[in-house]
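Reader: Hey, got a minute to walk me through this one? I'd like to start with whatever stands out.

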Amino acid sequence: MIPLLGMACVVWTAYEILRLVERGRRPVLSTRDAPSTPPPARRPRRRRFAAWDDLGRPIDVEDLGSV
């Protein structure tokens, strides 16, 4: 089992090295080749949680911890 695991690691490492070499051969676009308008900025999604006050009425609460 150990030799099989070792061979799997060698194969995986060779695959990753070849993938990185191939990625390094791709041309890099200069800023002149980029589109003239930047993509629209994405606003972070805030999740809403269901919550209740002391009297049992529903209230909305935003998750501000992920901002």
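Author: Sure. Helix α1 is hardly covered: of its 24 residues, the count of buried ones is zero. Keep in mind that this is a predicted model.

Reader: Okay, and which residues does helix α1 take in, and how far apart are its end C-alpha atoms?

Author: Helix α1 runs over residues 2–25, and its end C-alpha atoms sit 35 Å apart. At 1.5 Å a residue you'd expect a span of 34 Å, so the two agree.

Reader: Switching to side chains: how many aromatic pairs does the structure hold?

Author: One aromatic pair. It's Trp-12 with Tyr-15: the ring centres are 5.7 Å apart and the planes are at 45°, which falls between the 30 and 60 degree cut-offs, so the pair is tilted.

Reader: Where do Trp-12 and Tyr-15 lie?

Author: Both are in helix α1, three residues apart, or about one turn of the helix.

Reader: And is Trp-12 buried or exposed?

Author: Trp-12 counts as exposed, because its relative accessibility is 54% and the cut-off is over 50%. Tyr-15 has 44%, so Tyr-15 counts as partly exposed.

Reader: Zooming out, what pattern does the protein chain follow along the sequence?

Author: The pattern reads α-β-β, with one helix and two strands in the protein chain.

Reader: What share of the protein chain's residues is buried?

Author: Just 1% of the 67 residues. As for surface, the protein chain exposes about 7,200 Å², and carbon and sulfur atoms supply 63% of that.

Conventions. Residues numbered from 1 in each chain as written. Predicted model: local features only at pLDDT ≥ 70, side-chain atom pairs only at ≥ 80, totals over all residues. Heavy atoms only, no water. Helix = DSSP H or I, 4+ residues; strand = E, 2+ residues; numbered from the N terminus. Expected span 1.5 Å × (residues − 1). Buried < 20%, exposed > 50% of the residue type's maximum accessible area, 1.4 Å probe, protein only. Phe/Tyr/Trp six-rings, centres within 6.5 Å; stacked < 30°, edge-to-face > 60°. Areas by Shrake-Rupley, 256 points an atom, 1.4 Å probe, with all protein chains shown as cover.
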